[in-house]
Amino acid sequence: QVHLVESGGDSVQAGGSLRLSCAASGHTFRPNCMGWFRQAPGQEREGVAVIYSDGGTTYYADSVKGRFTTSQDNAKNTVYLQMNSLKPGDTAMYYCAARFLYGDRWYNPINDPDYFGYWGQGTQVTVSS
């Protein structure tokens with residue numbers, strides 16, 4: 001059974017930084033692609049960042065470009081989301097997602113949560129002004 005476990009969520013002041021981690025386990029193969037999504041109360045789920053394990057191709061939402069960076073440690077089946085210059089608008093539950101099926105790294109699934117077959121339970125990020 002596949003498990004995705006996020007960690008690193010916290011409460012910080014605007015301008016601060018956090019690093020989220022997501023470890024995948026329980027599958028024979030490493031994920032082809034992993035993503036970060038977030039959802040604030042009363043709002044729809046929003047794609048934040050995506051990374052393909054093959055080649056490290058990344059995609060970001062416009063709202064986080066230049067502030068957030070996703071990276072991976074393939075040996076640990078773990079992805080990270082480094083979040084800098086945090087804003088109150090970044091407050092949300094952050095979810096990790098994984099796709100184990102083949103996927104073309106030139107496809108940007110930032111707005112396609114159905115691309116991912118597995119999801120974590122989420123980690124809360126709260127940014128105060």
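Strand β7 (residues 68–73) and strand β8 (residues 78–83) run antiparallel to each other and pair over 6 bridges. That makes a handy way into this model, which is a predicted one.

Let's stay with this pair for a moment. Asp73 of the protein chain sits across from Thr78 in β8, and Ser71 sits across from Tyr80, also in β8. The two strands make a hairpin with 4 residues between them. Asn77 is in that turn, with a positive phi of about 50°. Asn77 is not a glycine, yet its phi is positive. Most residues other than glycine have a negative phi.

What else pairs with β8? Strand β3 (residues 18–25) is joined to β8 by 6 bridges, and the two run antiparallel. Here Ala23 has Thr78 as its bridge partner in β8. So Thr78 turns up twice: it faces Asp73 and it is also the bridge partner of Ala23. How many of the 6 residues of β8 are buried? The count is 5, so β8 is largely enclosed by the rest of the structure. Buried here means under 20% relative accessible area.

Just past β8 comes another backbone oddity. Ser85 lies in the loop between β8 and β9, and it has a positive phi of about 50° without being a glycine. Is Ser85 buried or partly exposed? With a relative accessible area of 41%, Ser85 counts as partly exposed, because that class covers values between 20% and 50%.

Now for a second group of strands, built around β5. Strand β5 (residues 46–52) is mostly covered, with 6 of its 7 residues buried. Strand β4 (residues 33–39) is tied to β5 by 6 bridges in an antiparallel arrangement, and Phe37 stands opposite Gly47 in β5. The β4 and β5 strands make a hairpin with 6 residues between them, and Gly42 in its turn shows a positive phi of about 80°.

On to the next partner of β5. Strand β6 (residues 58–60) is joined to β5 by 3 bridges, again antiparallel, with Val50 opposite Tyr59 in β6. These two strands form a hairpin as well, with 5 residues between them, where Gly55 takes a positive phi near 95°.

Here are the three hairpins side by side:

| Hairpin | Residues between the strands | Residue with positive phi |
|---|---|---|
| β4 and β5 | 6 residues | Gly42, about 80° |
| β5 and β6 | 5 residues | Gly55, near 95° |
| β7 and β8 | 4 residues | Asn77, about 50° |

One loop residue deserves a look too. Tyr102 lies in the loop between β9 (92–99) and β10 (118–119). Its relative accessibility is 67%, so Tyr102 counts as exposed, the cut-off being over 50%. Which residue 69 positions away along the chain can be compared with Tyr102? That is Cys33, and the C-alpha atoms of the two are separated by 8.6 Å.

Stepping back to the whole chain, the secondary structure comes to 11 strands and 0 helices. Read from the N terminus, the elements go β-β-β-β-β-β-β-β-β-β-β. In a regular strand the side chains alternate between the two faces of the sheet.

As for overall dimensions, the C-alpha atoms fill a box of roughly 45 × 25 × 25 Å along the principal axes. The radius of gyration is 14 Å, which agrees with the value near 14 Å for a compact globule of 129 residues. Of those 129 residues, 44% are buried.

The contacts can be put in sequence terms as well. Among contacts between residues at least 6 apart in sequence, 60% join residues at least 24 apart.

Finally, the surface and the charges. The accessible surface of the protein chain is about 6700 Å², and 45% of that belongs to carbon and sulfur atoms. The chain has 10 positive and 11 negative charges, and their mean positions are 5 Å apart.

Conventions
Residues are numbered from 1 along each chain as its sequence is written. This is a predicted model: local features need pLDDT of at least 70, side-chain atom pairs count only at pLDDT 80 or more; totals for chains, interfaces and linings use all residues. Side-chain values use heavy atoms; hydrogens and water are left out. The radius of gyration is taken over C-alpha atoms; the globule rule is 2.2 Å times the number of residues to the power 0.38. Buried means under 20% relative accessible area, exposed over 50%, partly exposed in between (1.4 Å probe, protein chains only). Contact means heavy atoms within 4.5 Å. Accessible areas come from the Shrake-Rupley method with a 1.4 Å probe; for residues, only the protein chains shown count as cover. Lys and Arg count as positive and Asp and Glu as negative; His and the chain ends are not counted. The place of a charge is taken as NZ of Lys, CZ of Arg, CG of Asp or CD of Glu. Two strands pair if DSSP finds at least two bridges between them.
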